[in-house]
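This report describes selected parts of a protein chain for a reader who is new to structures. Please look at the sequence and the model first.

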Amino acid sequence: MLKKIIEWSVKNRFLIILATVFLVAWGIYAMVNITLDAIPDLSDVQVIIYTEYPGQSPQIVEDQVTYPLTTAMLSVPGARVVRGYSFFGYSFVYIIFEDGTDLYWARSRVLEYLNYVSSRLPEGVTPVLGPDATGVGWVYEYVLEDTSGKHDLAQLRSIQDWFLKYELAAVPGVSEVASIGGFVKQYQVVVNPDKLAAFNIPLKKVKMALARSNRDVGGRLIEMGETEFMVRGLGYIQGIEDIENISLGVYRGTPVRIKDVADVRLGPELRRGIADLNGEGDVVGGIIVMRWGENALKTIDRVKEKIKSIEKSLPEGVKIRPVYDRSALIKRAVANLREKLIEESLVVALVSIIFLLHFQSALVAIITLPIAILISFIIMFYQGINANIMSLGGIAIAIGAMVDAAIIMVENMHKYHEHYPDRNVWVNVIESTHEVGPALFYSLLVITVSFLPVFALEAQEGRLFKPLAYTKTYAMAAAALLAITLQPVLMGYFIRGKILPEEKNPINRFLIKIYHPIVDFVVKYRKTTIIINLVLLLSLVIPATRIGSEFMPPLYEGDLLYMPTTFPGISITKAKELLQQTDRIIRSFPEVKDVFGKIGRAETATDPAPLSMIETTITLKPESEWRPGMTPEKLIEELDRAVQFPGLTNAWTMPIKTRIDMLSTGIKTPVGIKIMGDDLDTLVKIGEQIEAVVREVPGTLSAFAERITGGNYVDFDIDREAVARYGLTVGDVQDIIMSAIGGMNVTQTVEGLERYPVNVRYPEDFRQDLESLKRVLVPTPTGAQVPLGQLAEIKVHKGPATIKSENARRTLWVYVDIRGIDVGTYVNNAMKAVSERVKLPPGYSLVWSGQFEYMQRVKKKLFLVIPLTLFIVFLIIYFNTKSMIKTSIVMITVPVSLVGAFWSLYLLGYHLSVAVWVGIIALAGLSAETGVVMLLYLDVAYEDAREKGLMKTTRDLLEAIHHGAVKRVRPKIMTVVTIIAGLLPIMWSHGAGADTMKRIAAPMIGGVITSALMELVL
């Protein structure tokens, strides 16, 4: 069939050329319009349930909101993990779904189950679904700067909340715009309890009066003068004066208004998040959260265009300053890979010209290479695969192998042209391609099939490497298609005129001169040759036992994220001070452009951050502006030494990577330990023990066990008998605790498009210490005022600051950052130390999480899939050769190639990772392909000798082997050199994605060298 396709292509060459032109035009269109991103979207399908429960402690939020929600969500179809977070005043429930689940189907199912559980929640508590986005969607961050000095932080926050937020949220691709920092304006009604007592007015009457004095109502219609009028009763609060004049009733004939019992003023709403820029003080910022599955680059570009258009509408002196822009990373990453693709193509073209010494012949390979790449872009475009460092990397590692078929076919055509110079050129084309075409097609098929294990990867590693596997497969398939269609046509047009005979080619003569005595030696000393190869195989033990393991190499993004953790219970004032101090130190480094610090959470369901968590985004200058000899690793070390504060556990990472890790496992460090059990105090004790143990494990940079019971509580233990004596209920006392002491938002003003809360509470003097709290008065039904100290016992103690759960089991996390050691070795050592020194009580368990969790999953999958893939490759080669012996000879090249692969990894200091395994998988296909090529020429020489009647003695067989090996050494060396030349530019690359691509290319280069040497001698 393949021979018929070749013949048809040669006979219909005009149609082939026409189809090629069409494909090139189509490919250019796809390449220009394809979406760009830095890396594939690695986020799991997740649905967030966000619930506000204002003023409530984490324990109350856990008991009344988070626990009912998490237990209900465990039954949602397709849910893999349900994580609950209970913080002060709000709850998060994250439902992580199985791979392949449609996001909007998942959201609809969560809504169904949410309807069932809503009746079990406290009155007035309404859970809502978070945006159709994840933390990975934080693609653009900005701050509002006031150069005029006329606007305070509250005014800037109002501009962000009521103008910018809605303008930018309307941009296509934006799911949400989250606000952070500044002050939310609040009307504060500070009630004097003594005056309330004097007028005999209970506090709840103040709250009721505020709520009933702040609304507009409609009175249907009236008709006047043949015209109908809509009736309105206007009653919205418009300012402080309106609140002051709200009536509370009449006392002894005198009207009592709020201003008679309270001080009304403007102030800030309770803050759970602060933003800082460069350590210079509070700023107001915004975070653009991209919708799940959108085009990041286009979304960012649209946001920038929108910002330009609305900047004119901002008040004088107010400007928008970007502090994080993912589009810079996207452009750097794609430009880096694009540059490598061009370099590889040029190097491969140069190798073809040097070996063939005939520019027109080299054009066959040079032309088909970009055409095959363009065909790959067509499929990528319509499959919806973004152009990113992984998808382009798949093409990059395929380039060397893509031209193998063209090189061998061209080289074989040279031989026919030399032997039959007077024959019609198209006859030579057909016969030369018939000779090698089918075997080459099968060899390319072997490379394609060898990538099946990559398609079997799941979760984060699958989403990362499947685009690479797809594009490599498409590129190889396009190369195979062109090898039997376009290449024979191009050969007929370009391989003409004077071509240097093979024996006169200086490169060929040089190769024969070196290779001839080697073949003579191995044929003469066959046993010695086999022993040498066995020793070579045994040497594999040395690097294999000394190479460490990790999930993924560092994917350097060009920016850094500083994520230290403080002890819980930190005040907002101290948090602000700590944030500014660390930001100022980081900004002092000459490599740093901007430092945007955040402590606490932004106003978005995608940010479940407590007040004890700092997230500082560090935007770096271009590396050309760095100090000589500075590297990202050295910079992180210097920053870590500079930023050392008591109680602060440092962690240095990168923005996208961290959000992906936290989404997948919740753990922000390379290694995490999740301790599960029922009692929080016991969890803390176990966590402290494990923290102490792992600190002593070699390679530990930092270890921090969450102090989940480190929150500070003032508990009012209500005496039910005392309450009953005064005719009160527990709820009456709790109302005073919630509103008078804690402060409660009872309504919100409507000021045009803006909305601001109205808060009621007692003055600070009445709640600044325990003695003051005891004197807070509680009104009784008889009109008497009873001090709170007579109705409840007030106690101060430690309690949970945050409560986390996974699949409805309470958990405590231990974060472990490591340096100078691979994850696999470290976790093995740490697991041994923890198992020996930490004894878990009954009912408690621990799970090693973070990157280690991914590694275990990948290990199980590859151990199953790789042997199956090798068996499929074996079958393909067998169907081609129809010989078990020949197939076994080809398959021997695979273990031999591992020798070079592992030695190259060992010498370069690389650890085994998913990226390395992808390179080894690709190497298996390349080794089998080069083995097929070597066997092809031996078979051709053997059949040629047999047809001439020369295969009668052992000497005749040796002559045929000599002819098939030595005389045809040039095409074999060419295939190996082009593969290596196509990969070498990756090894000297630098920048976004380079570390990952190097670890894919390194084992391929080393393995191809050893497999080629084995093929040439064994």
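The text below covers one helix, several salt bridges, one loop residue and one sheet.

The model is predicted, so local features need pLDDT of at least 70 and side-chain atom pairs count only at pLDDT 80 or more, while totals for chains, interfaces and linings use all residues. Residues are numbered from 1 along each chain as its sequence is written, and side-chain values use heavy atoms, with hydrogens and water left out.

**Helix α22**

Helices (H or I, at least four residues) and strands (E, at least two) are DSSP runs, numbered from the N terminus. Helix α22 covers residues 572-587, which is 16 residues. How far apart are its end C-alpha atoms? They are 22 Å apart, which agrees with the span of 22 Å expected at 1.5 Å a residue. The expected span is 1.5 Å times one less than the number of residues.

Some residues of this helix are buried (under 20% relative accessible area; exposed is over 50% and partly exposed is in between, with a 1.4 Å probe and protein chains only). The buried residues of α22 are Ala575, Leu578, Leu579, Gln580, Thr582, Asp583 and Ile586. Among the elements that cover them are β16 (559-562), β17 (592-600), β18 (614-620) and α23 (632-642). β13 (273-277) and β19 (652-653) also take part in this cover.

**Salt bridges**

Side chains of opposite charge can pair when their charged atoms come close. A salt bridge here is a side-chain nitrogen of Lys or Arg within 4 Å of a carboxyl oxygen of Asp or Glu. By this rule the count comes to 22 salt bridges. Three of the pairs are listed here.

| Pair | N to O distance |
|---|---|
| Glutamate 577 and lysine 574 | 3.2 Å |
| Arginine 627 and glutamate 638 | 2.9 Å |
| Glutamate 691 and arginine 695 | 3.2 Å |

The pair of arginine 627 and glutamate 638 links distant parts of the chain, 11 residues apart: arginine 627 is in the loop between β18 and α23, and glutamate 638 is in helix α23. Arginine 627 is partly exposed at 33% relative accessible area, and glutamate 638 is partly exposed at 23%.

Glutamate 577 and lysine 574 both lie in helix α22, three residues apart, or about one turn of the helix. An α-helix has 3.6 residues a turn, so residues three or four places apart point the same way. Glutamate 577 is partly exposed at 36%, as is lysine 574 at 39%.

Glutamate 691 and arginine 695 are four residues apart in helix α25 (residues 680-695), again about one helical turn. Is glutamate 691 buried or partly exposed? Glutamate 691 is buried, with a relative accessible area of 8%, whereas arginine 695 is partly exposed at 44%.

**Serine 57**

Serine 57 sits in the loop between β1 (46-52) and α3 (58-73). Serine 57 is buried, at 15% relative accessible area. Leaving out residues up to four places away in sequence, serine 57 touches Phe87, Phe88 and Tyr713, where contact means heavy atoms within 4.5 Å.

**A four-stranded sheet**

Four strands form an open sheet with mixed pairing, in the order β12-β7-β24-β23. Its edge strands, each paired on one side only, are β12 (262-268) and β23 (744-751). Two strands pair if DSSP finds at least two bridges between them. β23 pairs with β24 (residues 754-761) in the antiparallel sense over seven bridges. Threonine 749 stands opposite tyrosine 756 in β24.
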